[in-house]
Structure formats: C-alpha cells, structure tokens
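Visitor: Could you walk me through this one? I'd like to go over how its pieces pack together.

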Amino acid sequence: MSRVVRNQRTSAAAVVKKGAEPRGPRTPIRARLAAWREQHLYSFFSSLGRLVARPWATVLTVLVLGFALALPLLFWLVFDNARELSGGLREAREVTVFLKPGADTRTASLLASDLRKRSDVADVLIRTPEQGLAEFRELSGFGEALDALQTNPLPSVLVVTPRESLDTDNPPLVGELKADTRVDLVQYDAAWRRKLSGILRFSERVVAVVAALLALATLLVIGNTVRMDIQARSTEISVMQTIGASNGFVRRPFLYAGLWYGLLGSAFALLIVAAVELALAEPIGRLLDSYAHRFALRGIHVAAALVVVGASALLGWLGAYVVTARHLAAGRPR
Amino acid sequence: MIRFENVSKRYLTGLDALAEVSFEVDAGEMVFVTGHSGAGKSTLLKLISLTERPSRGQITVNHADLARVRRRGIPQLRRGIGMVFQDHRLLTDRSVFDNVALPLLIAGTSRSETAKRVRAALDKVGLLAREKASPLTLSTGEQQRVGIARAIVAKPPLIIADEPTGNLDPQLSVEIMALFAEFGAVGTTVLIASHDLFLLKRMNKRVLVLDHGRLVDDFRPQAAGT
C-alpha cells in the first residue's frame, strides 16, 4: 500500500519536474531524489559536526543568542501576567460609596434601600465600620496597632453593583451618589481602569518593539557567526566551487548551521526563562497569597515555546541565507 | 573536445593575457600548454573552467559554447572537468577518502557507489591504503596523487591540470605524468599547463606554446599525420 502511494508520488514529482525543466532530467527522478536526500543528510550532519568540533565558539554564540531571546520572552511573561491580573479588575464594576463618618447604620441601610429601588442597580452590600475594621485587621497585619485606637475611624461603606457595566465616564448613578449629602466619597474605577489599560497597551508595544529589536540582534549574531565561519572556510568553498559545486551545495551547510544556532539559542532561552520562573515562583506566590487573590503565575505555554523555537530557527536560517548570498555573489566572477 | 576561436582575454588591469588564440583539441588527446610564466597558461585554463570569461572570441568545451553557459550552468560544466592544481588544494580537515569523494558528493552519487568509485580512483593512483589518512600526513607527491584521484573519480571526459608537477622532483614528476598519460589512453582528454621542458620532451605529446598571450607554436611529436 505504502509502496503504491510512494510510486504515485514519485511519478507526480517527475511530471512536475519535466514541466519545469524543458531540457528534461538527465537522471531518473528517483535517483535525483535520493541524491537530494543524501546531500541534505550530509549538510545536516556535517554542519552539526562542525559546531561540535568548536565547542567553545558554539557555546558562546548560543549563550548570546539565548540571552537575546530570553529578554523579550521574560518581558512578555510579565506583560502576560499583568494582563491576566488586570482582567479580574477590569471586570469589577462595583461602585464603592464611602458614607460620611457621622453617618450611622440606619442612614446606611436607608440609603441602601433607596438605591436598591433604582432600575440600574443590581445589588447593594452594606459594610459596617466593624466589618471594615475586622477585614482591615486581617489583611493588613496591623492588628495590634489597631487595638490601640480608641474609636473605629472607618466609615460605613456601600458596595453598589450596577445592573450593567458602566462604561461611560460619568454614569448618572455615580453622579447622583456624589451629589448625595450623606456620601463622603464615591470610588468608581473607570478612570483608573482606563489608565491601566493604557499602561497595558503601552507595555504590549514595548514588548513588541523589544522583541523586534532582539530578533534583529539574533539575525545579526547568527549572520555574523556564519560570516566568520564562511571566512574561515573560504578556501574550502572556492575548492568546492572549482570542482562544480552549485551555490545551493555550498550554501546548505551554512544554512543548517544557522538553523542549529537558532534552535540551540532558543532552547537555551527557554531554559533561562524556566530558571527565572523557578527562582521567582516562591516569592511571587507568597506575594499573591498575601493579597488573597485568585491568581496563579502563568508560565510560558508549550505552544508559545514551540513558536519561539520555530521562529528562532527560521531567523537563524535567514541570517545564514543573507550572509551566504552576499559571499556567493562576491565570490563569483560575473 | 576543446576549441578556441580567436580568443582574447584582457583583464581589468589592462593586461592582455591572451590574444587571438585559436586551437582545437580532439577527444582523448593529451596536450601540454607551455610558455614562460605570465604567458597566459593559467588564463587559458581558467577560460576553459569558466573561472574567467574571454573578452573576445568563442570557446567550445565538450560541445558546449561557453558564451551560452549562464552563471547557474557553470557548476554543471565544471563537473564535466577534472581539475588538478599545482598546490593540489585538498581540504586538510578531511580524510583522503572524503577529499576524493567530494565531486561525487556534489554530483549526488549514492553512498555505496561513491565508496566503490573512490576506492577505484585511489587504487589507480596507488593510495588505496591511505584512504583514512589526513592529507597533511602525506608527502607532496602523494598529495598530488590524491588531487588527481579527486579529478578522475567522477570520470569526467576532460582533465585539466595547472602545473601539476610544479612542486615535485623530476622522478615524481615523471610518475605523475605517466598517470595522466594513462587517462589519455582510455579516452579522456587531458590538458596540462607546464613549463617543465624536460618533461614535455620526455612525454612526447602535442605541445601548445604561448608567448605573451599569443599562440606561437603548436607542435606534435609525430609531424606526419594530423
């Protein structure tokens, strides 16, 4: 079965090749495919062998590439987590109403029941000063300092949940609450949230720009490494060209070398990122615990890691391609 | 096999390396090109392998009009020419075997076929036992023989050699030349640039003499018959 399929594929390839090359293939297509495979295998292993033959140079290049690639990755991780964190905040649409310090519990419940009657209010929660103090004591850790206070300085607080998200700048509900004489302060987070998303958009752009710059650096590092490699092997290249090596043949080992650099560099970058994650996981975990937030630090995703590896390999290949193209163009007499 | 028609080559520096050179070499012929240094021997060989293009005139090699060979076609043309250099130009980071195998690798010959042909070529130059050695551990004469094995391994119809015995003592030179003569005997065209007059006389083959870029003599040992 598989033999039949392969035969069909080979003959299809033969037809295509015939159309593309009017002179007609001199050798049977099967032999040419075998030759092609042979040459790629050769380039694949010989380029790897060359990297292994000069371990220090290779390791240094891979380290440079690794750090260059790790930086934007880490930026991106921070950004990704910040976005995730802000996601919860962005959905929070409560309006927090601080009543005047003098207002007692009755005033609070009166205002609450007034608010509940409104059509644009879904729910109102009352937090008495006592509840507020208990919560503050628990979260802030200033328990003893609070014990020293004679009176409770906290006001009554109403947490109003609007029926719909209030995306406008000054929704009537907020305006009316502000105007109420019993109310001291209305905290409505629209402006703050807008600032936050502005910051996020900005940092997204920063990540993109830094990533682009460092991708360029990767391209240059690989290109330069391959260029030095080419210079070191220029005799070999000229010998190969003299005895009939095509540009493709000469170029192939360098392209594979670029590919290897990209692959190894990105693998090292991912290692750095993993190490940083590991080093920061514990303190960040504690920090998040203390904020009692349902939020877990997000590491780099497998798919993202694969994209990074693929992109970096592609960059390596490209860098090598550009450099070899330049060299081959310069090395040819017309 | 090779035909030059009024070929001239002027380098960008203004040097006229070849002027109005015309000659013809038949398939299976063994021909020497001689002349003092700077007479144009190397240029002539470079024109054949398309390392340089002529300023004027027409060159045909192996039925191919070189003026029509585009840049992409150059490698294909060179695969039909076995080239031997004075400094043999072996790759020192590879074994003798790998050096000789290079043209086959380029041509995309299968591995088993490559091994067979490399050993046959090494056998022909008497170095079969040294296939795993590094070229650096060989003597100059042996290195040149490896270079020759590399030139013949792909069985090209034409072999060109630029001063192949330039670095060798007379005894080795004769041996190397005898090798070339063998290839000529089996139908391969051989063109050798050399200024070793003693050797030319001894080989008793056709000789093209260049002087300041002009072909001043074309003598054959047996003047009778063309």
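Visitor: Which strands does helix 4 of chain A lie across, and at what angle does helix 4 run to strand 2 of chain A?
Guide: This is a predicted model, where local features need pLDDT of at least 70, side-chain atom pairs count only at pLDDT 80 or more, and totals for chains, interfaces and linings use all residues. Residues are numbered from 1 along each chain as its sequence is written, with chains lettered from A and ligands numbered from 1 in the order written. Helices (H or I, at least four residues) and strands (E, at least two) are DSSP runs numbered from the N terminus. Helix 4 (residues 105–117) of chain A lies across strand 1 (95–99), strand 2 and strand 3 of chain A, and its angle to strand 2 of chain A (0 to 180 degrees between N-to-C directions, axes being lines fitted to C-alpha atoms, for helices over the stretch in contact) is about 170°.

Visitor: What does helix 7 of chain A touch on the sheet?
Guide: Helix 7 (residues 172–179) of chain A makes about 155° with the direction of strand 4 of chain A. Packed on the sheet, this helix touches strand 1, strand 2, strand 3 and strand 4 of chain A.

Visitor: In what order do the four strands of the open sheet in chain A come?
Guide: Strands pair if DSSP finds at least two bridges between them, and here the pairing is antiparallel. Strand 2 (121–127) and strand 4 (183–187) of chain A are the edges, each pairing on one side only. The order is 2-3-1-4.

Visitor: How many bridges join strand 2 to strand 3 of chain A?
Guide: D123(A) stands opposite T161(A) in strand 3 of chain A. Strand 2 and strand 3 (residues 157–162) of chain A run antiparallel, and the bridges joining them number six.

How values were computed:
Contact = placed C-beta atoms within 7 Å.
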